[in-house]
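Trainee: Hi, I've just opened this one and don't know my way around yet. Could you walk me through it?

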Amino acid sequence: MPQATDPDAAERGRPAPPGATPAPDGTNFSLHAPDAPAVELVLFDDPAAPAPARVLRLDPERHRTDDWWHVFVPRCGHGQVYAWRVDDPQAAGPAGRLLLDPWGRSVVGLDIYERAAALRPGDNTDRALRNAVIDPQRYDWRDDAAPPPPAREVIYEMHVAAFTRDPSSGVAEPARGTYAGVAERAEHLRELGVTTVELMPVACFDPQDAPPGLVNYWGYSPVSWFAPHPGWAGDRGPDGPLNEFRDMVRALHRAGLRVILDVVYNHTAEGPADGPVLCWRGLAPETWYLHGPDGALLEYTGCGNTVNANHPLVRRLVVDSLCW
């Protein structure tokens with residue numbers, strides 16, 4: 001007798017493109033983990049769930065192509081919260097540690113995240129950052145377009161949160177200190193004669209990468225090169241920060257202002273050598289970071305690690321994130 005098909009059964013998937021790619025009937029997940037003997041895709045019901053709703057252990061015979069692990073999950077789409085686990089004796093991250101997707105377009109879980117949990121061995125699931133599947137077609141940019149270059153450019157460099165954090169900004173709570181707050185003051189910037197807004201780093205970073213008792217405020221400690229920092233959004237849901245960031249860009253463009261992003265591709269929040277394992281160090285540290293002959297992390301940034309931007313995969317990620 002023919003067996004009934006499980007509509008939620010994981011399928012083989014494909015190695016390209018990297019990251020989580022939604023389709024009408026599910027999502028394809030692809031991860032570069034060349035040395036991992038085993039990989040798990042961990043799915044959650046919501047961003048702050050302390051335990052997974054489902055764990056898919058990938059079959060290396062079926063779900064691996066060269067250095068890429070991949071799986072297609074039916075009935076899984078926009079907003080699905082996920083992360084990865086790998087078994088890799090060569091990587092810094094032991095089995096059980098939850099890892100971010102290098103190509104993840106949304107980072108969630110900032111409210112439950114603990115850097116200390118990423119510093120120690122063992123399972124950090126209940127205190128780890130996660131990703132969420134993002135369908136780029138769900139946002140309507142309408143007729144948005146960047147204004148043409150002005151004859152005389154006046155650039156205003158700003159920190160997204162600091163720009164409207166103080167009550168003197170004229171922005172009321174809850175928009176104060178957010179992407180929405182910047183959008184609210186777009187006309188004010190134009191009236192000042194500004195032609196271009198240069199945003200200090202907006203990619204998701206680790207606020208806990210700081211001396212004891214302090215927080216990292218400036219954003220030069222990235223944990224993702226695709227996801228806008230969720231701490232500067234009123235809505236911290238799977239696509240809340242991304243949509244609020246997009247709305248801000250549209251508002252600035254409508255006011256006739258161009259937008260430049262300050263990006264950080266030379267180091268990450270995973271340094272120094274005794275730093276946390278959040279993503280790249282737990283997947284393929286030799287690929288993502290420069291190492292000396294003794295295997296120690298090289299650092300030319302003053303931040304404890306230097307990204308291996310000469311590697312073709314790293315260059316691909318940088319270009320992909322810039323395009324995104």
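Mentor: Happy to! Let's begin with the lining of the largest pocket: by class, 20 of its residues are nonpolar, two are polar and two are charged. Keep in mind that this is a predicted model.

Trainee: Okay, and what volume does the largest pocket have?

Mentor: The volume of the largest pocket is about 620 Å³.

Trainee: Which residues lie nearest its centre?

Mentor: Of the 24 lining residues, Phe-245, Leu-261, Ser-321, Leu-322 and Trp-324 are nearest the centre of the largest pocket.

Trainee: And which helices or strands supply at least two residues of that lining?

Mentor: Look at α5 (240-254), β12 (258-261) and α7 (312-323), each of which supplies at least two. The largest share comes from α5, with four residues.

Trainee: Switching topic: how many cavities of 30 Å³ or more are there?

Mentor: The structure holds one. The largest cavity has a volume of about 50 Å³.

Trainee: What lines the largest cavity?

Mentor: You'll find Leu-98, Leu-100, Tyr-113, Asn-124, Ala-128, Leu-129 and Leu-278 around the largest cavity. Six residues of that lining are nonpolar, one is polar and none is charged.

Trainee: Last thing, what pLDDT does the chain average?

Mentor: The average is 93, and 95% of the residues score at least 70. Over residues 1-5, though, pLDDT stays under 50.

Trainee: How many contacts beyond four places in sequence does the model have for residues 1-5?

Mentor: Zero for that stretch. As a rule, predicted coordinates should not be read in detail where pLDDT is low.

Technical notes. Residues numbered from 1 in each chain as written. Predicted model: local features only at pLDDT ≥ 70, side-chain atom pairs only at ≥ 80, totals over all residues. Heavy atoms only, no water. 1 Å grid on protein atoms, 1.4 Å probe; cavity = no way out; pocket = protein on both sides within 12 Å on 5 of 7 lines; lining within 4 Å. Points joined across faces, edges and corners; volume = space filled by probe spheres on them. Nonpolar A, V, L, I, M, F, W, Y, C, P; charged D, E, K, R; others polar. pLDDT = per-residue confidence, 0-100. Contact = heavy atoms within 4.5 Å.
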